[in-house]
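Me: I am new to this structure and would like a close look at a single part of it. Could you walk me through one helix and what follows it?

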Amino acid sequence: MQTERGVPNILASGFAGASLLTLVVGAAGLVGVYDAPFPFAIYVIVALVGLSLAWTLWRLT
């Protein structure tokens with residue numbers, strides 16, 4: 001089954017956006033603007049996993 005070229009790019013953009021949002025929430029918790037339930041390192045790990053998945057999807061096209 002072949003997919004359209006745009007599908008991996010759309011998914012990659014979604015993962016990249018979610019990863020950046022995760023980093024923003026973690027940074028807001030680190031600075032004290034937001035009472036984040038997890039340490040900043042957890043947000044960085046989740047963001048790195050999301051960005052690596054986004055990079056892999058971008059490389060598919």
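**Helix α1 and the loop after it**

Reply: Happy to! A good place to begin is the cover over helix α1: α2, residues 40-59, is among the elements that cover the buried residues of α1. Please keep in mind that this is a predicted model.

Let's start with the length of α1. The helix runs over residues 6-31, which makes 26 residues, and at 1.5 Å a residue it should span 38 Å. The C-alpha atoms at its ends are 37 Å apart, so the expected and the computed span agree.

Now for the residues that are tucked away. Pro 8, Ala 12, Ala 16, Ser 19, Thr 22, Gly 26 and Ala 28 are the buried residues of α1.

Take Thr 22, which belongs to helix α1. Its relative accessibility is 19%, and because buried means under 20%, Thr 22 counts as buried. Setting aside neighbours within four places in sequence, Thr 22 is in contact with Tyr 43, Val 46 and Ala 47. Those three contacts of Thr 22 have numbers that fall within α2, residues 40-59.

A little further along α1 comes Val 25. With 27% relative accessibility, Val 25 counts as partly exposed. Apart from neighbours within four places in sequence, Val 25 is in contact with Tyr 34 and Tyr 43. Tyr 43 is thus a contact of Val 25 and also of Thr 22.

Next, follow the chain out of the helix. Just after α1, Gly 32 has a positive phi of about 110 degrees. Then comes Val 33, in the loop between α1 and α2. Val 33 has a relative accessibility of 70%, so it counts as exposed. Val 33 also belongs to a nonpolar patch on the surface, together with Leu 30, Val 31, Tyr 34 and Phe 40. The accessible area of this patch adds up to about 540 Å².

Ala 36 is another residue of the loop between α1 and α2. Not counting residues up to four places away in sequence, Ala 36 touches Gly 29 and Tyr 43. Two distances help to place Ala 36. Its C-alpha atom is 7.4 Å from that of Val 25, although these residues are eleven apart along the chain. In the other direction, the C-alpha atoms of Ala 36 and Thr 56 are separated by 29 Å, with their positions 20 residues apart in the chain numbering.

One residue to look for as you turn the model is Tyr 43, which is listed as a contact of Thr 22, of Val 25 and of Ala 36.

Definitions and conventions
Residues are numbered from 1 along each chain as its sequence is written. This is a predicted model: local features need pLDDT of at least 70, side-chain atom pairs count only at pLDDT 80 or more; totals for chains, interfaces and linings use all residues. Side-chain values use heavy atoms; hydrogens and water are left out. Helices (H or I, at least four residues) and strands (E, at least two) are DSSP runs, numbered from the N terminus. The expected span of a helix is 1.5 Å times one less than its number of residues. Buried means under 20% relative accessible area, exposed over 50%, partly exposed in between (1.4 Å probe, protein chains only). Contact means heavy atoms within 4.5 Å. Patches are made of residues with over 30% relative accessible area and no salt bridge: like charges are joined within 9 Å, nonpolar side chains (Val, Leu, Ile, Met, Phe, Trp, Tyr) within 5 Å. Accessible areas come from the Shrake-Rupley method with a 1.4 Å probe; for residues, only the protein chains shown count as cover. A salt bridge is a side-chain nitrogen of Lys or Arg within 4 Å of a carboxyl oxygen of Asp or Glu.
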